[in-house]
Amino acid sequence: MNTETDKNPFIINNYQGKEYFCDREHNVESLISNIQNELNTTLISIRRIGKTGLIKQLFTIIEEKLNYPCLFIDLFASQNLNDFTNQLANEIARKFPEKHSAGKRFLKSIKQLRPLIQFDALTGEPSISFDAIKQNEIPKTIQQLLSFLEQQNTPIIIAFDEFQQINEYPEKNTEAILRTIIQDVKNLRFIFSGSKKHILTEIFGNSKRPFYASTNIEYLDFIPADKYKAFIKHHFEKNNRKINDEDIDFILTWTNRHTYFVQMVCNRVYATGKRKISHSDILMQCHKILKDQEVFFYQYRNLLSPQQWNVLKAISKEEKLYQYTGKDFLAKYQFTNASVVKRCVDALLEKEMIYQENDEQGTFIRTYDVFLQKWMLNK
Ligand SMILES: Nc1ncnc2c1ncn2[C@@H]1O[C@H](COP(=O)(O)OP(=O)(O)OP(=O)(O)O)[C@@H](O)[C@H]1O
Ligand SMILES: [Mg+2]
């Protein structure tokens, strides 16, 4: 069993430092190069590959080596420009606390914008809200917030995670508003990150949209097998655990090398506390994960129509499916109508149950959740 000193090195939630972070050196380098060349970055990948982790790793390195302040804003739950503004203001307040002179200046500088500022009774931290201001005052407010950062006379990095969320805002001119403001600031470098590739490539790659060609696009791929293997081996061995190379290969293959799923299996195997890990220990943990997650899989089923569920099952059995309306696939799973399958695939993509990618063989679709995919194999 784990003791406090025997920390499980395979992290399955928030970033916990460089020690537990595998590779991504090239990505960090190119992000830093963008920053130093005054370019903004759009960071794109499928879900659970490690975008958020990469940003946190980058921030750790920047704060250590360059000492630039770094701001992280997760837009996942934001629903409109007001939420966006509140989150930006609160992150600035967190980064520039009131006990320092810059923090005092910040609170003073936003007073004229008439925010509602409440102080947490326990921590004393301020919580800032611009909910009461008029809609047409929002652009000016965002501008003021950024202009405070401009005045700090240092490069400052601002990451907007889940940036595609702005597409859901009711304010249809959000992109134009943000682009105009961002264009005017000189020492702020932005990272726009997200997993909805089609939305992000539309925002940043469509010549008719305000953000067109304004950033360098960085695609985040799977961690290379040799790097991940060395990382896993290092952490088992460092803690006096023995695991065979072939068994590490098995974990990487079974999880498609998809970061979250690799971490999860390694975490569980490590948590057994065994000093010598056998193949059957690993199989047992994989089996246990699928069993534990079964309740979620049944919930997914409730969210889908029976047809969608059957198509998802067929896709899962194929692993990578290149031609989902081809007659081989239809015949193999006894689907009679290609257009029904097409509609199901569109719905599954929309619900993020599957994703679409390209490799040397062409475009394919694949089940997002590796554990669900493995569980489906026996259904
Ligand atoms: N390079 C890495 N080494 C080790 N663990 C990692 C690495 N990158 C990410 N992880 C872990 O994998 C999990 C998924 O990573 P993360 O949340 O960063 O992915 P994401 O691409 O932001 O996903 P989403 O699109 O769902 O937000 C997290 O538990 C994270 O700690
Ligand atoms: Mg993320």
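Me: Before we look at ligand 1, where do the domain bounds come from, and which domains give at least three residues each to its shell?
Reply: Happy to start there: domain bounds come from an automatic or database domain assignment. This is a predicted model, and its chain is assigned domain 1 (24–219), domain 2 (224–303) and domain 3 (304–379). The shell around ligand 1 takes at least three residues from each of domain 1 and domain 2.

Me: Which elements give two or more residues to that shell?
Reply: The shell holds 21 residues, and C22, G50, K51, T52 and G53 come nearest to the ligand. Two or more residues each are given by α2 (51–65) and α10 (259–271).

Me: How many residues of the shell are charged?
Reply: Let's sort them by type. Eight are nonpolar and eight are polar. The charged residues number five.

Me: Now to the largest nonpolar core: which helix gives the most to it?
Reply: This core has 40 residues, and A89, I92, I157, I158, F160 and I191 touch the most other members. With six residues, the leading contributor is helix α3 (residues 81–95).

Me: What is I158 in contact with, leaving aside its neighbours within four places in sequence?
Reply: I158 is among the core residues that touch the most other members. Beyond those sequence neighbours, the contacts of I158 are L71, I73, L188 and F190.

Me: How many residues are in the other core that includes C22?
Reply: C22 also belongs with the residues nearest to ligand 1. Its core lies apart from the largest one and includes I248, F261 and V370 as well. The size of this other core is 22 residues.

Me: And what separates the centres of domain 1 and domain 3?
Reply: Domain 1 covers 24–219 and domain 3 covers 304–379. Taken over C-alpha atoms, their centres are separated by 36 Å.

Note on methods. Residues numbered from 1 in each chain as written. Chains lettered and ligands numbered in written order. Predicted model: local features only at pLDDT ≥ 70, side-chain atom pairs only at ≥ 80, totals over all residues. Near = placed C-beta within 6 Å. Helix = DSSP H or I, 4+ residues; strand = E, 2+ residues; numbered from the N terminus. Nonpolar A, V, L, I, M, F, W, Y, C, P; charged D, E, K, R; others polar. Core = buried A, V, L, I, M, F, W, Y, C linked by C-beta atoms within 7 Å. Buried ≥ 20, exposed ≤ 12 C-beta atoms within 10 Å, placed from the backbone. Contact = placed C-beta atoms within 7 Å.
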